[in-house]
Amino acid sequence: MDFETHLKSFLDIDEANSLLKALEKRQKHSFLLNTLKVNNLIDIFDNPQFIKHPYVSNGYYYDKEKDNLGKNILFEAGAYYIQEPSAMMAIEILDPKPNERVLDMCAAPGGKSIHAINKMQDKGLLICNDVIPLRAKILSSNIEKYGARNCIVLNEKIDNLKKQFNCVFDKIILDAPCSGSGMFRKNEFAKVDWSINKVLECAKIQKELLEAAYSMLKEKGRILYSTCSYSIEENENVIHEFLKSHDDIKIIPIEIKEGMLEAINLKGAIRLHPNHFEGEGHFICLLEKESVTPKPYLKMITRKKSIPFQVLDFLNKLPIDYDKQFIANRNDEYYLLNDYLLDLGNLKVLRYGLHLGKMINNRFEPNHALAMTYNKNLKTIELNREESINYLKGLTINKDGNEGYQVVSYKNLPLGFVKQVHGVLKNHYPKGLYKKLD
Ligand SMILES: C[S@@+](CC[C@H](N)C(=O)[O-])C[C@H]1O[C@@H](n2cnc3c(N)ncnc32)[C@H](O)[C@@H]1O
């Protein structure tokens, strides 16, 4: 069956035709402003003329022909994240709050996690996971760039998460792997790769993932289920089947606003189609668990070694709140978390909260991740555009600075560490991140 016949098997013919026509038009581009680092567009852009997203307060449409926001110093500094406009609606609807425990099960490359970090104001705990190692690494690097502190990144199979976390999360993001028809304008390959078999295979995985989400959710907890597929098999049908086997789950109705369509024979869930909503398309359903669940199993990490004074000295110079008991040590690498931490057992952890740095020959060497969390309250060495471009290339900067490690910034956004040696600022930007920008 081809895609057009498939669409017409469950959508009204006029709607299917209008959707197919919209798929021939140009993709819409947008970005999420990182509210951890930037308050106003005017603080970082000379003459911002972006159109506001209708529903996401820190979301903006931009014209890629005019502004290449993906290749930019501000992007490397984590000032914003590029995410398409309909995908942004998922977290807007879930609305994670500060001091909640949130899991993003299929998180790479990290758009929804990053949006959640903003909504949570980086307070509480966000665990984000991706099963594919390379994608989990990209996720981890995006989280680092964004400057998040209270975020753990895992690279695990969902079955292992399920075994480790029983009824502990307030909110779970399940942005499920899907056949990707909502990617057709973005990625030519998605079109070629589409088949009805892929739709059915994805639907099977999606049902398993939803069952896993159920077991990790606590009482009154909410699951945000979303896909970027238009297929009923991966959307409404998955939810219907799930509801049939769980009478303690209910749909929290999403208010239908301009540009949104009610899901097909499923009250409360929505569809975003590119012929009605300026974006690539999404299916979104919000679910709540009503049953009384066992008390969550929570265990704090216990430190085996004491924390070297050099680590504490470094942290004490920074005006950041931290609790010494949540500094963890893994192979001489030091991490900081908070009292929302869960026992991670033997899960494969890529980022164990904020990576502070490591001890080498009795000296503390701060990690790049720590620099990326610097905010306006912390003293940095401000670089101009040319110096910033050179810094991101890995070059040494000829500029005055104090002794020891300092953070360099562009438009008050942290870029990374330097260390003053013989009157120059030695570059500590990680080699793997070097960028050539013009
Ligand atoms: C739609 S993407 C997630 C996009 C992400 N939420 C974002 O906003 O950037 C789905 C992710 O699920 C992961 N995935 C694929 N198969 C999976 C499986 N069987 N279990 C868990 N995750 C899987 C993929 O690696 C992919 O990164």
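The following exchange takes up a ligand site, two helices and one lysine in a predicted model. Residues are numbered from 1 along each chain as its sequence is written. In this predicted model, local features need pLDDT of at least 70 and side-chain atom pairs count only at pLDDT 80 or more, while totals for chains, interfaces and linings use all residues, and side-chain values use heavy atoms, with hydrogens and water left out.

Biologist: Which residues come nearest to the ligand?
Modeller: The shell around the ligand, where a residue belongs if one of its heavy atoms lies within 4 Å, divides into eleven nonpolar residues (Ala, Val, Leu, Ile, Met, Phe, Trp, Tyr, Cys or Pro), four charged (Asp, Glu, Lys or Arg) and two polar (the others, Gly among them). Of these 17 residues, the ones that come nearest are G110, G111, D130, R135 and D175.

Biologist: How much of the ligand does the protein bury?
Modeller: A nitrogen atom of the ligand lies 3.3 Å from a polar backbone atom of C106, a polar contact being a pair of N or O atoms within 3.5 Å. Oxygen atoms of the ligand lie 2.9 Å from a backbone N or O atom of G111 and 3.1 Å from one of K112. Taken alone, the ligand exposes 600 Å² (Shrake-Rupley method, 1.4 Å probe), and the share of that area buried by the protein is 80%.

Biologist: How many residues of α5 are buried?
Modeller: The helix α5 (a DSSP run of H or I, at least four residues, numbered from the N terminus) covers 111-119 and gives two or more residues to the ligand shell. Its buried residues (under 20% relative accessible area, 1.4 Å probe, protein chains only) include G111 and K112, whose backbones also approach the ligand at 2.9 Å and 3.1 Å. Of the nine residues in α5, the number buried is eight.

Biologist: How far apart are the end C-alpha atoms of α9?
Modeller: The helix α9 (196-216) also gives two or more residues to the shell, and its buried residues include I196, V199, C202 and A203. At 1.5 Å a residue, times one less than the number of residues, the 21 residues of α9 should span 30 Å. The model agrees with that expectation, since its end C-alpha atoms are apart by 31 Å.

Biologist: Is K436 buried or exposed?
Modeller: K436 sits in the segment after β22 (424-427; a strand is a run of E, at least two residues), and, leaving aside neighbours within four places in sequence, K436 is in contact (heavy atoms within 4.5 Å) with K71 and K393. The relative accessible area of K436 is 67%, over the 50% cut-off, so this residue counts as exposed.

Key:
A polar contact is a pair of N or O atoms within 3.5 Å; within protein, one must be able to donate a hydrogen and the other to accept it, and residues adjacent in sequence count only if both atoms are side-chain atoms.
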